[in-house]
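Colleague: Please take a close look at the strand pairing in this model. Cut-offs should be stated where they come up.

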Amino acid sequence: MTRIAAVHGVLPPYRYEQHEITDALVTMGLVREAERKALDRLHAASTVRTRRLAMPLERYATLSGFGQANDCFIETALELGERAVSGALAEAGLSAREVDLVIFTSVTGIAAPSIEARLAGRLGLRPDVKRVPIFGLGCVAGAAGIARLHDYLDGRPGGVAVLLSVELCSLTLQRTDGSGANLVAGSLFGDGAAAVVAVGRDHPDGRPNDGPVVVATRSHLYPDTEHLLGWDIGDEGFQIVLGNGLPEMVLRHLGDEVRAFLADHDLKPQDVTAWVCHPGGPKVLEAVRETLDLPARALELAWRSLAEVGNLSSASVLHILRDTLVLRRPLAGTAGLVLAMGPGFCSELVLLRW
């Protein structure tokens, strides 16, 4: 089985209270001053208290377009990505030369050569390292990336694999789009990165450490749901697609999906001691809790992450996994579940055992 040897999350240095971001959006003209109270209510309802941003807040009004925003994405992704991978490898007690595979995921910027290729020399990765850059999975990519690490290491049990997620959601904000979807996105999303180091079952570090093992994974793509979540690509870059039906999709489908997956391993939801859930937003988290009939405490770390840093897209669930390892380590032998949802509409489940 694949063992998670380390998870390391990093954040950019520019930290702002939610009301400061609200003020800036009004100043930039995203809404008129007369609509300020409605925006205040929206931002308060998000339950987000603070967020980290890729740039100082005042610089967002000076971005000239998608090209300049994407240049900032590449520069910041390299800085955060190097810190995330270096930190994870150090925690795992492994060197960059030992890494056999790097998966990089982001849905908030593009680069060719891709970010992990640009980082290879800076990190000291081998020239023959395998690379898999992923774009388009969005918020689900943190969980899906762990699943794909497991797929690789299941076939190469002596190997070492790294997942790197960098999401700079603030750089995708459309300053001339007053749609409800854009305003909701502007209330929820923050910036951050995370890296996971995993080792195969035959690797010397694959057995005797405290990290959980990946028992199984499951992907599910729901038909005819492409309109619910994603991007429309325009002259100004990434324009959010955010349907009102997301919580209803979770209520209707996720509970049965999770129960069936757990049942295949002789488990029930009450047997899971660690719920590592992507914090899509308050309505999505409430829908997850309701459809699985979970106690409020089960998703406490997801709510905490949402409040402290906002929704970091694919990096969020990795930050919550890191917090689980550090703050709420389950008892040995118990089960954990990583779950996330994203564009498609799709879900990804990763069953862990401590």
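Modeller: Two strands count as paired if DSSP finds at least two bridges between them. Strands (E, at least two residues) and helices (H or I, at least four) are DSSP runs, numbered from the N terminus. The model is predicted, so local features need pLDDT of at least 70 and side-chain atom pairs 80 or more, while totals for chains, interfaces and linings use all residues. Residue numbers start from 1 along each chain as its sequence is written, and side-chain values use heavy atoms, without hydrogens or water.

The main sheet is open and is formed by 9 strands, with mixed pairing and the order 5-4-6-7-1-8-13-12-11. Its edges are strand 5 (130-134) and strand 11; each has a single partner strand, so one side of each lacks a neighbour in the sheet. From one strand to the next, the twist averages 20° (axes fitted to C-alpha atoms, for helices over the stretch in contact; angles from 0 to 180 degrees between N-to-C directions).

From the strand 5 edge, the pairings can be followed inward. Strand 4 (residues 101-105) runs parallel to strand 5, and 5 bridges join the two. In this pair, Thr 105 is placed opposite Ile 134 of strand 5. Helix 5 (residues 141-155) packs on the sheet. Helix 5 touches strand 1 (2-10), strand 4, strand 5, strand 6 (160-168), strand 7 (191-199), strand 8 (213-221), strand 12 and strand 13 (346-353), where contact is heavy atoms within 4.5 Å. The direction of helix 5 makes about 165° with that of strand 6.

Strand 4 also pairs with strand 6, again in parallel and through 5 bridges. Ile 103 has Leu 163 of strand 6 as its bridge partner. The other pairing to consider for strand 6 is with strand 7: these two are antiparallel and share 9 bridges. There, Ser 165 stands opposite Ala 194 in strand 7.

How many of the residues of strand 6 are buried? The count is 9 of the 9, so strand 6 is largely enclosed by the rest of the structure; buried means under 20% relative accessible area with a 1.4 Å probe, protein chains only, against over 50% for exposed and partly exposed in between. Val 160, Val 162, Leu 164, Val 166 and Leu 168 point one way from the strand. Ala 161, Leu 163, Ser 165 and Glu 167 point the other way, and these too are buried. Two of the residues on this second side have bridge partners already named: Leu 163 with Ile 103, and Ser 165 with Ala 194.

At the other edge, strand 11 (272-277) and strand 12 (335-342) are contacted by helix 8. The buried residues of helix 8 (residues 282-292) are Pro 282, Val 284, Leu 285, Ala 287, Val 288, Thr 291 and Leu 292. Besides those two strands, they pack against helix 2 (36-45), helix 6 (180-188), helix 7 (246-263) and helix 9 (300-309). Asp 293, just after helix 8, has a positive phi of about 55°.

A further pairing involves strand 9 and strand 10, which are antiparallel with 6 bridges. They form a hairpin with 2 residues between them. Gly 230 has Val 241 of strand 10 as its bridge partner.
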